[in-house]
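User: Hi! I'm new to reading protein structures and would like to go through one with you. Can we take it question by question?

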Amino acid sequence: MASAKDSDPSLGYLTRKETEVKLPRPTRVKNKTPAPIQITAEQILREARERQEAEIRPPKQKITDSTELSDYRLRKRKEFEDLIRRVRWNKSVWVKYAKWEESQKDFNRARSVWERALDVDYRDHTMWLKYADVEMKNKFINHARNVWDRAITLLPRVDQLWYKYIHMEEMLGNVAGARQIFERWMSWEPDTQAWLSYIKFELRYNEIGRARGIFERFVECRPKVNAWIRFAKFEMKNGEIGKARSVYERAVDKLADDEEAESLFVAFAEFEERCKETERARFIYKYALDHIPKGRAEDLYRKFVAFEKQYGDREGIEDAIVGKRRFQYEDEVRKNPLNYDSWFDYIRLEESVGNKDRIREVYERAIANIPPAEEKRYWQRYIYLWINYALYEELDAQDVERTRDVYSRECIKLIPHNQFSFAKVWLLAAQFEIRQLNLKGARSILGQAIGMAPKDKIFKKYIEIELQLGKIDRCRKLYEKYLQWSPENCYAWSKFAELERSLSETDRARAIFELAIAQPALDMPELLWKAYIDFEISEGEFEKTRRLYERLLERTKHLKVWISFAKFEASAMLEDQDPELPEEETKQSLGAQQLQCLQNARKVFESAINYFRTSAPDLKEERAMLLEEWLNLESSIGELGDVSLVRAKMPKKLKKRRLIDTDDGPAGYEEYIDYIFPEETQAPNMKILEAAYKWKKQKTASDQD
């Protein structure tokens with residue numbers, strides 16, 4: 001017995017242990033080898049089917065006299081009544097009860113059951129349908145009429161009740177009664193399908209006049225495009241072309257601004273087309289295109305183009321296609337006038353047509369949409385409208401004055417040059433003047449550009465033009481202005497010196513290079529120094545080149561500078577030998593020069609290695625690369641080279657790991673290549689002493705703090 005302390009009232013005064021569900025312990029399978037005979041799922045199911053016991057069915061009851069029948073009926077009615085008392089809301093129980101009474105041929109009781117069921121929920125139209133079907137099936141016509149009449153009175157918005165009632169009257173041949181029911185239904189203004197059913201009903205009995213009258217009431221009740229189109233097709237089917245046209249015209253008067261007006265105009269035009277009235281159809285299409293918004297007229301455009309292809313000439317077809325696209329572009333630029341891509345497409349369309357006035361009109365409308373802010377990113381697409389306009393006037397319209405107006409008097413004045421500018425516009429305007437043989441105008445434009453909005457492209461193109469014309473003094477003045485505007489531009493310095501060198505003005509070129517490297521800030525100094533060094537080498541001034549390298553090394557100790565200096569020393573041969581000297585003396589002289597060059601290169605390499613060893617000991621990889629270059633040089637010379645001299649200094653490569661530190665803490669390890677040079681392996685004790693001294697120094701500093 002469980003104690004009162006352990007019992008729980010919520011569990012019926014049982015303990016928790018007594019209410020726990022104990023699951024059987026899973027059987028451990030010791031032998032997991034497959035059985036010699038495998039059983040399929042099909043065999044298991046077949047055995048289960050064979051061993052299934054036969055279903056126990058109640059014995060069939062045979063009624064032999066009226067007493068047994070009365071008892072059976074009483075018992076079944078009691079069962080149904082008890083079931084109804086329990087689940088009164090269950091409609092299937094009522095239906096079964098009523099159908100059982102019907103099977104017993106007790107129709108009064110069956111009607112009573114149906115009426116009681118309708119009292120529970122008269123809004124369920126399926127009960128009315130089944131009730132009326134029972135009356136019709138047993139040929140109680142008046143009772144069925146009574147049921148249908150009550151149903152459509154209580155539920156006038158259920159179309160199925162009306163259809164069934166009308167169908168019954170029509171099957172009985174009571175056309176007048178069916179028409180009367182339709183009239184009652186139409187007084188409720190039902191949906192489209194109900195009106196069409198009424199019209200089909202009248203047409204089945206060839207009542208054309210009545211059907212026309214119903215259509216008139218239909219379009220008044222449901223003034224939709226589809227209703228008017230059906231009305232017109234009805235008249236067309238009956239051969240009344242005039243009345244059909246009148247219906248379409250009335251529909252256009254009432255529904256011209258409707259959202260579905262497109263399908264109305266298409267149907268009207270196709271009607272006129274079938275009547276061989278092509279001019280009327282064309283007029284309808286054009287009227288519709290003028291009045292319907294372009295976004296809702298896609299199908300209309302397609303039909304119009306197909307119509308013109310079938311009935312129009314070539315000009316009409318092209319006008320239809322162009323008109324369709326023109327309306328599309330007009331709609332796009334109306335929605336967003338700052339969408340310059342739409343303007344470009346629109347202009348391209350008009351240029352394909354070739355109407356100059358219209359092309360100029362579209363260009364003027366497009367360039368009138370100035371970007372809202374003075375930021376270059378907003379103007380980058382807009383400026384091409386001006387460029388295309390000017391090119392059209394020059395190449396297609398061949399109007400020189402209008403082109404000059406577009407470039408100089410309008411476009412250049414419009415751009416806010418104090419904020420930003422477009423070199424392309426200045427250069428195109430200058431090139432246009434050159435094509436017109438107006439050199440003075442081109443120079444004026446480029447000079448104005450340099451004064452208002454100097455840019456690299458403008459300087460380069462202006463200098464190129466003057467150089468082609470052979471105006472060297474102008475080129476020098478332009479380079480001077482270029483360098484005054486941008487003194488850090490290494491490209492300009494190099495090109496200026498290259499110009500002087502091409503004119504054999506060596507001193508001028510050297511002076512320009514000296515001025516250039518003396519500038520406090522340069523955008524690409526390495527290119528400038530390389531150009532200066534190449535210049536001196538090409539002039540054969542090896543001593544000056546050597547001094548240049550030394551000056552460069554005073555500014556930067558970059559690895560590439562050392563390698564370039566060493567390669568220069570290795571290849572810095574003297575002038576050509578005297579051809580009158582004997583061959584042996586010539587060879588000896590060349591050998592001595594090669595040896596001297598090699599020694600100079602070795603000195604450079606030695607200086608570089610000493611720098612990296614003493615001043616930059618952390619740059620081990622650069623030092624190793626330097627030794628690799630030295631080794632390649634020694635091996636490429638041949639007999640004069642001494643490879644062993646370099647190999648003794650080559651480091652050993654070791655693969656090591658180091659901790660990766662991030663803001664969130666250690667993030668793992670990474671591998672790297674470390675270089676161990678010979679002097680590091682010879683004196684490990686010195687490194688230990690250095691580390692100890694460094695630690696002692698840090699400790700002293702921390703104690704002082």
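Analyst: Sure! Keep in mind that this is a predicted model. To start with the outside, the accessible surface of the protein chain comes to about 45100 Å². The share of that surface that belongs to carbon and sulfur atoms is 50%.

User: How many helices and strands are there in the protein chain?

Analyst: Both kinds of element turn up here. The protein chain has two strands, and its helices number 36.

User: And what percentage of the 705 residues is buried?

Analyst: A residue counts as buried when its relative accessible area is under 20%. Out of the 705 residues in the protein chain, the buried share is 36%.

User: Let's zoom in. Is Thr545 buried or exposed, and which residues does it touch?

Analyst: Thr545 sits in helix α30, which covers residues 542–555. Its relative accessibility is 0%, so Thr545 is buried. Setting aside residues up to four places away in sequence, Thr545 touches Ile533, Glu536, Ile537 and Phe568.

User: What about Glu102: buried or exposed?

Analyst: Glu102 belongs to helix α4 (residues 91–103). Leaving out residues up to four places away in sequence, Glu102 touches Phe107, Ala110, Val134, Lys137 and Asn138. Because its relative accessibility is 12%, Glu102 counts as buried.

User: Now charges. How many salt bridges does a search of the whole structure find?

Analyst: Here's the idea: side chains of opposite charge can pair when their charged atoms come close. Searching the whole structure for salt bridges gives 47.

User: Which parts does the salt bridge between Glu135 and Arg111 tie together?

Analyst: The two side chains meet with an N to O distance of 2.8 Å. Glu135 lies in helix α6 and Arg111 in helix α5, so the pair ties together parts that are 24 residues apart in sequence. Glu135 and Arg111 are buried too. The parts you asked for are helices α6 and α5.

User: How far apart in sequence are the parts that Asp399 and Arg360 tie together?

Analyst: Asp399 and Arg360 form a salt bridge, with the closest N and O atoms 3.9 Å apart. Asp399 lies in the loop between α21 and α22, while Arg360 lies in helix α19, so the parts tied together are 39 residues apart in sequence.

User: In the salt bridge of Arg404 and Glu401, which partner is buried?

Analyst: These side chains meet at 3.0 Å, N to O, and both residues lie in helix α22, three residues apart, or about one turn of the helix. Glu401 has a relative accessible area of 45%, so this partner is partly exposed. The other one has 17% relative accessibility, so the buried partner is Arg404.

User: Where is Arg230 found, and what gathers around there on the surface?

Analyst: Arg230 is in helix α12 (residues 225–237). It is partly exposed because its relative accessibility is 42%. On the surface there is a patch of positive charge, formed by Lys200, Arg230, Lys233 and Arg274.

User: Last one! What separates the C-alpha atoms of Glu606 and Trp630?

Analyst: Glu606 lies in helix α32 (residues 583–614) and is partly exposed, with a relative accessible area of 27%. Apart from neighbours within four places in sequence, Glu606 is in contact with Trp630 and Lys649. Glu606 and Trp630 are 24 residues apart along the chain, and their C-alpha atoms are separated by 9.7 Å.

Key:
Residues numbered from 1 in each chain as written. Predicted model: local features only at pLDDT ≥ 70, side-chain atom pairs only at ≥ 80, totals over all residues. Heavy atoms only, no water. Patch = residues over 30% accessible without salt bridge, like charges linked within 9 Å, V, L, I, M, F, W, Y side chains within 5 Å. Areas by Shrake-Rupley, 256 points an atom, 1.4 Å probe, with all protein chains shown as cover. Salt bridge = Lys/Arg side-chain N within 4 Å of Asp/Glu carboxyl O. Lys, Arg positive; Asp, Glu negative; His and termini not counted. Charge placed at Lys NZ, Arg CZ, Asp CG, Glu CD. Helix = DSSP H or I, 4+ residues; strand = E, 2+ residues; numbered from the N terminus. Buried < 20%, exposed > 50% of the residue type's maximum accessible area, 1.4 Å probe, protein only. Contact = heavy atoms within 4.5 Å.
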